[in-house]
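Hi everyone, thanks for coming. I'd like to walk you through a structure that may be new to you, so pull it up and follow along.

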Amino acid sequence: MNEQGLSEKEIFSYLENVKSEDTDYYRVLSSMCTHPHKIAVEAHRLFIEANLGDLGLFAGAHSLEKEVIMMLGELLHAPSVKIPVEKACESSVCGYLTTGGTESNIQAVRGMKNVITAGKKELGKIPNIVIPESAHFSFDKVADMMGIEVRRALLDSEFKVDPASVESLMDANTIGLVGIAGNTEFGQIDPVEELAKLARQHEIFLHIDAAFGGFVIPFLENPYPFDFKVQGVTSIAIDPHKMGLSTIPSGALLFRSPSFLDSLKVSTPYLTTKEQFTLTGTRSGASAAATYAVMKHLGREGYVKNVQYCMQLTAKLVEEARKLGFEPLLEPVMNVVALRVPSPDLVRDQLLRKFGWNVSITRTPRSLRLVLMPHNTARDVEEFLQDLKKVTAE
Ligand code: PLP
């Protein structure tokens, strides 16, 4: 640290210089985040100091969090629960705002483990969960942190998890299943109804990771069943900081039943509230305000338009890529395209080095992974395909 402080001018001149190294999402086709809506940015600024880790001091920000959870509950068909105010969820939908999909996934699995232990059911020596091969790497962190074995089930030819493979991996120590509604690599949705059937039959939990798809699927022309409407789904992760157009860090975790949040509580002797069920202590009230503002401002109609825009870009990319001879691995279900190209790793490097495009790669099989977000335009798609043609012709 320097001995004497620098002037504001010096600091900002340095910061602007450093910021110029960021992409600002220009020619970015690899990210599931985007520019937050300007109303979210304003709301975020207004609540910049609010700490949801100490709810008694920030009753206003906390009321916004509860409203967001109610809106998300309505979006995801969460059942209303009637519970006393002092219980874990103070509103009729159970959940809280997290920092994103990773925290939501960790807490969902922690909840599974704790609910079972609280019910005095014996956990097997090493409890396990069964997740799709395509699950996000946050589940590797779950395995590492919680002493839970994470078993990965095979995908079918459409990159959905194969329920037969899931069942073959289940045993007496299986405490829960995970389905992905909008997987990171392919944008595919797992067969949630079939997973739910397995979960019900075996009386275990089913967590749905809709970190990306939660703000896409409900607004598609033909939405797929993936939420609490499906009996057997016990928790859902959904991220407002991805397709919800809120600020980072805005994630959310919703539970069907209050027992989950109850099971996550620890006592907090020196705070204004007695207990805390969140993973992080200090939490951003600013992102609660941002999410509240953008959800209220856009409404269902605004999100439908957002999803339509991204899906039109997706359709354009696939149609024009086909004309150049590049086929997608699957017909896109949401705004993610996995494109078969020769030597994808080399193509990716060249696209970045020569033309400044940020794209990523699917693991198995290897293909170009392209996410069409609100920051992309029809012109981007045209220019990208021209550049792709050049690098693949070399
Ligand atoms: N789950 C899915 C399906 C994702 O696509 C991602 C990130 O892209 C995550 C979880 C992790 O979210 P975060 O990076 O916000 O923790």
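Before we start, one bit of vocabulary: two strands pair if DSSP finds at least two bridges between them. With that in hand, look at Ile361, whose bridge partner in E12 is Leu368. E11 and E12 are joined by 2 bridges and run antiparallel. And please keep in mind throughout that this is a predicted model.

Okay, let's stay with that sheet for a moment. It is an open sheet of 3 strands, in the order E10-E12-E11, and the pairing is antiparallel. Which strands stand at the edges here? They are strand E10, residues 336-339, and E11; each has a single partner strand, so one side of each is left without a neighbour in the sheet.

While we're in this region, find Pro365. Pro365 sits in the loop between strand E11, which covers 360-361, and strand E12, which covers 368-371. The peptide bond between Thr364 and Pro365 is cis, with an omega of about -10 degrees.

On to the other sheet. How many strands does this open sheet have, and in what order? There are 7 strands, running E1-E7-E6-E5-E4-E2-E3, with mixed pairing. E1 and strand E3, residues 149-153, are at the edges; each has a single partner strand, so each has one side without a neighbour in the sheet. From one strand to the next, the twist averages 20 degrees.

Now, is strand E1 enclosed or open to the outside? For that you need the cut-off: buried means under 20% relative accessible area. In E1, residues 94-98, 5 of the 5 residues are buried, so the strand is largely enclosed by the rest of the structure. So E1 stands at an edge of its sheet, and still it is largely enclosed.

The partner of E1 in the sheet is worth a look too. E1 and E7 run antiparallel and are joined by 5 bridges. You can trace a couple of the pairs yourself: Cys94 has Phe255 in E7 as its bridge partner, and Leu97 has Ala252 in E7.

Just ahead of E7 there's another cis peptide bond. This one joins Ile248 and Pro249, with omega about 5 degrees. Pro249 lies in the loop between strand E6, residues 235-238, and strand E7, residues 251-255.

Since we've now met two of these, a quick reminder of the usual picture. Most peptide bonds are trans, and most residues other than glycine have a negative phi.

That second half brings us to another loop, the one between helix H1, residues 8-19, and helix H2, residues 38-46, which is where Asp24 lies. Asp24 is not a glycine, yet it has a positive phi of about 55 degrees. Arg27 is in the loop between H1 and H2 as well, and its phi is near 55 degrees, again positive in a residue other than glycine. Which of them is buried and which is exposed? Asp24 is exposed, at 52% relative accessible area, whereas Arg27 counts as buried because its relative accessibility is 12%.

Next up, the ligand. Which residues come nearest to it? Of the 13 residues around the ligand, those are Thr102, Thr184, Asp209, His241 and Lys242. Sorted by character, the shell has 2 nonpolar, 8 polar and 3 charged residues. Helix H4, residues 101-118, gives the largest share of that shell, with 3 residues.

Let's zoom in on some polar contacts there. An N or O atom in the side chain of Thr184 is 2.9 Å from an oxygen atom of the ligand. For the side chain of Lys242, the distance from an N or O atom to a ligand oxygen is 2.9 Å. With Gly101 it's a backbone N or O atom, at 3.3 Å from an oxygen atom of the ligand. As for cover, the ligand on its own has 390 Å² of accessible area, and the protein covers 83% of that.

One last stop: Gln188, in the loop between strand E4, residues 174-180, and helix H7, residues 192-202. Gln188 has a relative accessible area of 4%, so it's buried. And what does its side chain reach? The backbone oxygen of Glu158, at 2.8 Å.

That's the tour, thanks for listening.

Definitions and conventions. Residues are numbered from 1 along each chain as its sequence is written. This is a predicted model: local features need pLDDT of at least 70, side-chain atom pairs count only at pLDDT 80 or more; totals for chains, interfaces and linings use all residues. Side-chain values use heavy atoms; hydrogens and water are left out. Helices (H or I, at least four residues) and strands (E, at least two) are DSSP runs, numbered from the N terminus. Buried means under 20% relative accessible area, exposed over 50%, partly exposed in between (1.4 Å probe, protein chains only). A residue is near a molecule or strand if one of its heavy atoms lies within 4 Å of it. A polar contact is a pair of N or O atoms within 3.5 Å; within protein, one must be able to donate a hydrogen and the other to accept it, and residues adjacent in sequence count only if both atoms are side-chain atoms. Accessible areas come from the Shrake-Rupley method with a 1.4 Å probe; for residues, only the protein chains shown count as cover. Ala, Val, Leu, Ile, Met, Phe, Trp, Tyr, Cys and Pro count as nonpolar, Asp, Glu, Lys and Arg as charged, and the others, Gly among them, as polar. Axes are lines fitted to C-alpha atoms, for helices over the stretch in contact, and angles run from 0 to 180 degrees between N-to-C directions.
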